[in-house]
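Me: Could you take a close look at one part of this model for me? I'd like to hear about the cysteines, and then about the helix that follows in the chain.

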Amino acid sequence: MKFIGIIPARYASTRFPGKPLADMDGKPMIQRVYEQVKNSVDKVCVATDDERIEKAVLAFGGNVVMTSDQHKSGTDRCFEAYQKAGENFDVVINIQGDEPFIQPQQIETIKSCFTDERVQITTLVKSFRPDDDFEKVLFNPNSPKVVINKNNEAMYFSRSVIPYIRGKVYTEWLPNHTYYKHIGMYAYRADVLAEITRLPQSPLELAESLEQLRWLENGYKIKVGITDIETIGIDTPEDLSRAVEALRKKES
C-alpha cells in the first residue's frame, strides 16, 4: 500500500496566531513535525493557504501545496492537497501540524490498521494514567476523550469526560476506569476521504466542534490504534514553552 502524509497548516489561530512558524529551538514547528514523519510514509507534504508557511517549508526543502483559504477543516484541506499531489495513494494520513513529538511508531500503528481491508478511517488514542491530575488533564476540553468498543472502533468523541462513573467522586474515576484521550491524527482510504469531505456539517459536530463526529453520525466506522507514547500537542504559547523545554531535554 502507498501512504501519503499531509500536514494541514493554517497561520490564523484564535489561541495562537502563526503557530506553525513558532520557533522550536532553532526550527519552525512545522519543520519539526515534517521531520518526524517524512521517513514513515511514501510522500509527505504541507497543505497551507498562507504564503509565509509556504516560504518556510520551501526554505527547509519540504514539499508544500497551496490550498484554498475557505476550508472549514483540516480534512477538507487534506483532500485538496491530495488531489493536487499528482499521484495515486491508497491511504492519506492527516498529521496535525501542532504535534512535533509525533513518533514514527505511532504512524506505523495507524498504517497497520489498514491490513484489514474493511477499515475506512483510523485514528490514534492513548490512555490517561491513573495518577493524572483529573482537573488539569481529564477535565481539559482541549483534550477530547474517546470511548471505544471491543473491536477497537470509536463509539464517541467528546470534550466532556466520558464515561461518567456513577457512585464515585471525580478523584476516583481515573484509577477505576481506563479513559482514552484522542491524539489528533487520522488516516483515510483515498475514496473514503473523497466521500466524507462532501458531507454537510452534523449536529454533534457543531455541538462539540469535533469533525470526526460528522463521520460517525453518517455511519462511517473509525478504527482506533492504541499507543503508549506520550505526545505534546501545542494549543497555546504556554504549551510551546513546555514543548521547547521537553525538546531540549530530549536532545541534550
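Reply: Happy to. The sulfur of Cys45 lies 8.1 Å from the closest cysteine sulfur, that of Cys78, which is too far for a bond. A disulfide would need the two sulfur atoms within 2.5 Å. Please keep in mind that this is a predicted model. Cys78 is likewise in no disulfide, its nearest cysteine sulfur being that of Cys45. A search through the whole structure also comes back with zero disulfides. As for their surroundings, Cys45 is buried, at a relative accessible area of 2%, and Cys78 is buried too, at 0%.

Now to helix H2, which spans residues 51-59. Its buried residues are Ile53, Ala56 and Val57. Looking down the axis of H2, you will find these buried residues within an arc of 95 degrees, so they line one face of the helix. The general geometry helps here: an α-helix has 3.6 residues a turn, so residues three or four places apart point the same way. Turn to the other side of H2 and you meet the exposed residues Glu51, Lys55, Leu58 and Ala59.

What lies over the buried face? The cover over the buried residues of H2 includes strand S1 (3-9) and helix H1 (29-37), along with strand S4 (43-48) and strand S5 (64-66). One last detail to look for is Gly61, just after H2, where phi is positive at about 85 degrees.

How values were computed
Residues numbered from 1 in each chain as written. Predicted model: local features only at pLDDT ≥ 70, side-chain atom pairs only at ≥ 80, totals over all residues. Heavy atoms only, no water. Buried < 20%, exposed > 50% of the residue type's maximum accessible area, 1.4 Å probe, protein only. Helix = DSSP H or I, 4+ residues; strand = E, 2+ residues; numbered from the N terminus. Arc of directions from axis to C-beta. Contact = heavy atoms within 4.5 Å.
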